[in-house]
Structures are given as C-alpha cells and as structure tokens.
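I opened my notebook for a fresh look at this one. Here is what I looked up, entry by entry.

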There are 2 protein chains.
Amino acid sequence: MNTATFGALAEPHRLGMVELLREGPLSVGDIAERLAMGQPQASKHLRVLSDAGLVESQPAANKRMYKLRQEPLQEMDEWLSAFRASWEARLDRLDALLAELQGKERKE
Amino acid sequence: MNTATFGALAEPHRLGMVELLREGPLSVGDIAERLAMGQPQASKHLRVLSDAGLVESQPAANKRMYKLRQEPLQEMDEWLSAFRASWEARLDRLDALLAELQGKERKE
DNA sequence: CAGATATATATCCAATTGGATATATTATAG
DNA sequence: CTATAATATATCCAATTGGATATATATCTG
C-alpha cells in the first residue's frame with residue numbers, strides 16, 4: 001500500500017475534493033467555489049492529488065477538468081481486505097455464539 | 001470520514017506498525033525492533049496511532065502491549081463503499097459489453 | 001491584436017512533523 | 001530499598017506543509 005494515497009487524503013480540503021469528484025468531473029474554479037477556497041489553494045491541492053494519482057485532468061477550452069482515478073482507491077480496498085478478513089471472522093464467531101445460545105434456549 | 005485516520009497511515013513506519021499488528025498484539029520494544037527504529041520513535045508513532053484510534057494499549061507487567069482497533073479501518077471500508085459502487089458499475093457495463101459481443105459472435 | 005477569464009506557479013510565512021538525544025516514570029528483580 | 005528494564009515524554013532541529021498573495025501562462029472573445 002502506498003502512503004502517498006493516505007497522505008493526499010489526510011487533508012480535509014483534499015478529502016472533500018475526492019468526495020466532490022465522485023459525482024463527476026469538475027473544473028478548478030467549480031471545485032474552489034464549492035469548497036470555499038481560493039483558486040491557487042485549489043490548484044495546489046489538486047496538484048497533490050494528481051501526484052498521488054487520485055485525480056487526472058484534461059484541458060477543456062479555457063478550463064481544465066479534473067476527474068477521479070479509481071486505481072489508488074482500489075488499491076486501498078485491496079489493502080483493507082486483509083483486515084476485513086479478520087473482523088469478519090469475529091462476526092462469524094459472534095454469529096456462531098448467538099446461534100448456540102438460540103439452540104440452548106430452544107432446548108430448555 | 002475522519003482525516004486523522006489517513007494522517008496516521010500516511011507515514012511508512014506507522015503503516016508498517018498497523019500491518020505488523022495485524023498478526024497480533026506486540027510490545028513497544030518488539031515493534032521498534034521489527035521495524036528497525038529507536039524506542040522513543042516507536043512510542044511517538046504509537047501515540048499518533050493511538051490518538052487516531054487505530055491502536056489501543058494495555059499494561060502487561062513491565063511492558064505495554066499494543067493491539068489494533070478495527071473501528072477506523074471499518075469506517076474506511078464504509079467510506080470506500082461509495083466508490084466501490086461506481087467502479088463496480090463500470091465492471092458491470094464491461095461485462096454487459098462483453099456479453100453483447102459474445103452474442104453477436106454467435107449470431108454471425 | 002487587446003482585454004478578460006481560467007489556471008498554474010513562485011514566494012513568503014507560520015505551523016506541524018519526524019528523527020535524535022536526554023530524561024522522567026513505572027514496574028520488576030534481587 | 002536499589003538496580004534494572006521498558007516505556008513515555010521533553011527538547012532541539014531540519015524539513016515539509018498549508019494559506020495567502022502576486023505573477024506567469026494560456027485560451028477565449030470581440
């Protein structure tokens with residue numbers, strides 16, 4: 001797992017950008033406006049997201065459209081799966097325990 | 001989603017700690033040794049992880065055992081699910097496309 | 001071509017951060 | 001109680017970071 005992904009998402013404005021771009025591509029100006037920040041700040045944060053591979057941009061006339069890239073998030077998802085395994089195991093044990101208790105209840 | 005979780009995982013040593021603790025609880029000394037770092041550094045990083053809720057500790061004799069907490073990772077997992085939906089939709093469309101191509105192939 | 005619009009970049013600054021070292025704290029052993 | 005082992009904390013330092021402002025660059029409009 002790449003720490004750059006976590007680093008990029010560790011800043012509230014950038015996390016907001018990623019969540020915002022989930023709805024679809026946006027221009028820098030739109031992003032800056034919707035997140036209530038200055039344009040240079042938005043560009044700077046988008047640069048960080050872009051370096052981390054979380055977004056990509058393409059020119060559109062006067063503007064520049066940014067959109068999400070899925071790869072880093074998919075990588076995160078795969079990384080998490082190792083942990084998911086362990087907490088699902090716990091839930092399974094809980095299920096087993098509850099089932100056992102149910103069984104006893106019926107017998108008594 | 002809490003940026004503190006991402007912030008805590010944005011540092012390679014701390015990411016390593018979390019992955020290490022996946023195998024089970026460890027003392028500070030063990031963690032420091034396995035990650036080849038000094039004890040004060042390990043304590044400092046563990047503090048950050050603890051503040052982010054990613055680990056918890058309990059005293060054991062002379063030592064202090066650290067273990068993973070699942071909640072922040074589960075929260076990450078839920079946060080990711082919103083994105084998972086969109087990329088699974090893409091895969092579905094790809095499947096549909098492939099199926100359609102298969103169908104045409106058979107007809108011709 | 002001239003002005004306007006959108007974006008990127010450069011610079012300055014204060015705050016945060018990670019590493020290293022020294023020291024304080026707590027518990028165990030003898 | 002004293003010495004030791006394990007850990008936490010304090011301090012110093014260099015590097016990084018986010019915000020703000022100014023400026024450069026590129027594209028569109030007329």
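My entries below go from the symmetry of the copies to the DNA, then to a hairpin and a single serine.

**Entry 1: the model.** I noted at the outset that this is a predicted model.

**Entry 2: the two copies.** I began with a reminder that two copies of a chain are related by a rotation about an axis and a shift along it. Here I found that a turn of 180 degrees with a shift of 0.0 Å along the axis lays chain B on chain A, at an RMSD of 0.1 Å. That is the relation of a two-fold axis. I also checked the contact surface: 100% of the contact residues of chain B recur in chain A, so the same surface serves both copies. Which residue of chain B comes closest to the rotation axis? I found B:Phe6, with its C-alpha at 2.4 Å.

**Entry 3: around DNA strand C.** I counted 20 residues around this strand, and the nearest are A:Gln39, A:Ser43, A:Tyr66, B:Gln41 and B:His45. By type, the residues of this surface are five nonpolar, nine polar and six charged. Both chains take part: α3 (28-34), α4 (39-51) and β3 of chain A, and α2 (12-21) and α4 (39-51) of chain B, each supply at least two residues.

I then turned to the DNA side. Of the atoms of DNA strand C within 4 Å of the protein, 54% belong to sugar or phosphate, and the rest belong to bases. For phosphate oxygens of DNA strand C, I wrote down three polar side-chain distances:

- A:Ser43 has a polar side-chain atom at 2.6 Å.
- A:Tyr66 has a polar side-chain atom at 2.6 Å.
- B:Arg14 has a polar side-chain atom at 2.9 Å.

**Entry 4: the hairpin of chain A.** I followed strand β2 (residues 55-60) of chain A to strand β3 (residues 63-68) of chain A; the two run antiparallel and are joined by six bridges. A:Ala60 has A:Lys63 in β3(A) as its bridge partner. Two residues lie between the strands of this hairpin, and A:Ala61 takes a positive phi near 55 degrees.

**Entry 5: B:Ser57.** I picked this residue in strand β2 (residues 55-60) of chain B. Is B:Ser57 buried, exposed or partly exposed? Its relative accessibility is 32%, so B:Ser57 counts as partly exposed. Leaving out residues up to four places away in sequence, B:Ser57 touches B:Arg64, B:Met65 and B:Tyr66. With B:Arg64 there is also a polar contact between the side chains, at 3.1 Å. Last, I looked along the chain to B:Arg84, 27 residues apart from B:Ser57, and found their C-alpha atoms separated by 33 Å.

Conventions: Residues are numbered from 1 along each chain as its sequence is written. Chains are lettered from A and ligands numbered from 1 in the order in which they are written. This is a predicted model: local features need pLDDT of at least 70, side-chain atom pairs count only at pLDDT 80 or more; totals for chains, interfaces and linings use all residues. Side-chain values use heavy atoms; hydrogens and water are left out. Two strands pair if DSSP finds at least two bridges between them. Helices (H or I, at least four residues) and strands (E, at least two) are DSSP runs, numbered from the N terminus. Copies are superposed by least squares on the C-alpha atoms of residues with pLDDT of at least 70 in both. Contact means heavy atoms within 4.5 Å. A residue is near a molecule or strand if one of its heavy atoms lies within 4 Å of it. A polar contact is a pair of N or O atoms within 3.5 Å; within protein, one must be able to donate a hydrogen and the other to accept it, and residues adjacent in sequence count only if both atoms are side-chain atoms. Ala, Val, Leu, Ile, Met, Phe, Trp, Tyr, Cys and Pro count as nonpolar, Asp, Glu, Lys and Arg as charged, and the others, Gly among them, as polar. Buried means under 20% relative accessible area, exposed over 50%, partly exposed in between (1.4 Å probe, protein chains only).
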